[in-house]
Amino acid sequence: MRHRRRLLLCAGLAGLVVAAGFVVRWASAPPARELAEPVTGSTPSLAIGHAPGAPASPSGSPAASVEPHGDITVRYTFDNGLSEPIGDAGGRLGLRSRRAEGGELSAVPHDGGLAVRFPPRCEHYGAQSCARAILQSGRAGFLNPGRGSITYGASVLVQPNETSKGANVVQKGFSVGDSQFKLQVDGVAGQPSCVIVGTSSATIFVAMASRSVADGRWHRLACSRGNALLTVAVDGVEAGRTAIPSSLSIANDDPICIGGKGTSANNDQFVGIIDDVFVTRFARP
């Protein structure tokens with residue numbers, strides 16, 4: 001293989017159709033999307049860009065929120081299966097499953113190793129009866145990039161009939177009253193997008209890919225923040241970008257969540273298969 005409510009639920013943008021009460025600022029004209037989070041504080045604004053021109057750690061690791069120096073990466077290949085805690089390649093930040101309404105995770109073959117299949121698509125998105133399951137770490141403050149650079153992503157396989165209003169691949173933090181970075185594959189079209197929110201602004205910045213990945217094939221997705229830009233890449237090729245303030249800071253003590261923001265009914269459940277999840281926080285200059 002390669003490449004917190006705050007009860008430790010991750011929360012964030014659940015699609016991108018803007019709900020009443022939100023102020024929207026478009027970076028370019030996107031399809032309608034939906035915000036699933038309630039407004040609990042200041043009113044956020046939304047900036048979307050497209051392709052240019054077109055609580056202890058479950059792993060038992062001590063002081064997980066202490067921020068070390070230098071570049072640091074966590075990567076989950078799932079090659080050892082789903083016995084918990086599921087370790088990252090460096091043994092730093094383990095994952096445990098969280099489930100509701102019979103939601104199950106299963107290990108499936110991928111490229112000589114294993115990947116994780118998430119619960120099937122629910123007929124009524126967001127219904128209490130929908131099966132839900134995610135993977136979640138302990139506190140992960142050491143992955144905060146602050147104002148520095150970060151890249152994160154995963155490989156995904158999504159069938160054309162597995163898209164939904166909200167499908168979170170990997171995220172850390174909240175988009176309201178907190179800060180956040182997130183990768184999602186939202187909407188009927190199945191277009192991946194990268195989301196970041198800073199600590200001192202209510203603006204939600206979104207870099208949306210110009211193409212769908214809901215075609216039943218594996219795709220490598222990556223989000224990168226650096227040089228006042230947020231970009232999304234599909235299979236190694238940049239597919240969308242949006243400008244962001246260089247002063248934007250992402251800092252929280254929230255966990256990494258994979259496959260959804262929690263186990264509440266409207267959890268933005270990912271449907272499909274995920275592998276090779278990674279987060280790299282680069283050394284601050």
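The paragraphs below lead through a predicted model of a single chain, from its overall make-up to its cores, its aromatic pairs and its disulfides.

The secondary structure of this chain comes to 17 strands and zero helices. Of its 285 residues, 56% count as buried, while the accessible surface of the chain comes to about 11,300 Å², with 52% of that area belonging to carbon and sulfur atoms.

A good place to begin is the interior. In soluble globular proteins, nonpolar side chains tend to be buried together. In this model the largest nonpolar core has 49 residues, and the members that touch the most other members are Tyr152 and Ile258. Strand E8 gives the most to this core, with four residues. Apart from this core lies another one, of seven residues, which includes Val197, Ile204, Val206 and Met208.

The surroundings of isoleucine 258 can be followed residue by residue. When its neighbours within four places in sequence are left aside, isoleucine 258 is in contact with Tyr76, Phe78, Leu95, Phe118, Ile134, Leu135, Val169, Val170, Ile274 and Val277. One of these contacts, isoleucine 134, lies in strand E7 and is buried, with a relative accessible area of 0%. The C-alpha atom of isoleucine 134 is separated by 8.4 Å from that of phenylalanine 270, although the two residues are 136 residues apart along the chain.

Phenylalanine 270 leads on to the aromatic rings. A search of the whole structure finds three aromatic pairs. One of them is formed by phenylalanine 118 and phenylalanine 270, whose ring centres are 5.9 Å apart and whose planes make an angle of 85°, an arrangement that is edge-to-face. Phenylalanine 118 lies in the loop between strand E6 (113-117) and strand E7 (132-139), and phenylalanine 270 lies in the loop between strand E16 (255-258) and strand E17 (273-281), so the pair ties together parts that are 152 residues apart in sequence. Both phenylalanine 118 and phenylalanine 270 are buried.

Another of the aromatic pairs brings back a residue already met in the core. Tyrosine 152 pairs with phenylalanine 181 at 4.8 Å centre to centre, and with 40° between the planes this pair is tilted. Because tyrosine 152 lies in strand E8 (residues 150-157) and phenylalanine 181 in strand E10 (residues 180-186), the pair ties together parts that are 29 residues apart in sequence. Tyrosine 152 and phenylalanine 181 are both buried. A ring also takes part in an arrangement of another kind, in which arginine 92 lies over the face of phenylalanine 142, at 5.2 Å from the ring centre.

Strand E8 deserves a further look. Glycine 153 is found in this strand, where it is buried with a relative accessible area of 0%. Which residues does glycine 153 touch, not counting those up to four places away in sequence? They are Val170, Leu183, Leu221, Ala222, Asp276, Val277 and Phe278. Of these, Val170 and Val277 are also in contact with isoleucine 258. The C-alpha atoms of glycine 153 and aspartate 275 are separated by 9.6 Å, and these two residues are 122 residues apart along the chain.

The remaining links to describe are covalent, and a search of the whole structure finds two disulfides. One joins cysteine 122 to cysteine 130, with an S to S distance of 2.0 Å. The torsion about this S-S bond is about -75°, so the disulfide between cysteine 122 and cysteine 130 is left-handed. Cysteine 122 is partly exposed, with a relative accessible area of 26%, whereas cysteine 130 is buried, with a relative accessible area of 5%.

The other disulfide is formed by cysteine 194 and cysteine 223, whose sulfur atoms are 2.0 Å apart. With a torsion of about -85° about the S-S bond, the disulfide of cysteine 194 and cysteine 223 is left-handed. Cysteine 194 lies in strand E11 (residues 191-197) and cysteine 223 in strand E13 (residues 218-226), so this pair ties together parts that are 29 residues apart in sequence. Cysteine 194 counts as buried at 0% relative accessibility, and cysteine 223 is buried too, with a relative accessible area of 0%.

Notes: Residues are numbered from 1 along each chain as its sequence is written. This is a predicted model: local features need pLDDT of at least 70, side-chain atom pairs count only at pLDDT 80 or more; totals for chains, interfaces and linings use all residues. Side-chain values use heavy atoms; hydrogens and water are left out. Rings of Phe, Tyr and Trp (its six-membered ring) pair if their centres lie within 6.5 Å; planes under 30 degrees apart count as stacked, over 60 as edge-to-face and the rest as tilted. Helices (H or I, at least four residues) and strands (E, at least two) are DSSP runs, numbered from the N terminus. Buried means under 20% relative accessible area, exposed over 50%, partly exposed in between (1.4 Å probe, protein chains only). A charge sits over a ring if NZ of Lys or CZ of Arg is within 6 Å of the ring centre and within 35 degrees of the ring normal. Contact means heavy atoms within 4.5 Å. A nonpolar core is a set of buried Ala, Val, Leu, Ile, Met, Phe, Trp, Tyr and Cys residues joined through side-chain atoms within 4.5 Å. Accessible areas come from the Shrake-Rupley method with a 1.4 Å probe; for residues, only the protein chains shown count as cover. A disulfide is a pair of cysteine sulfur atoms within 2.5 Å.
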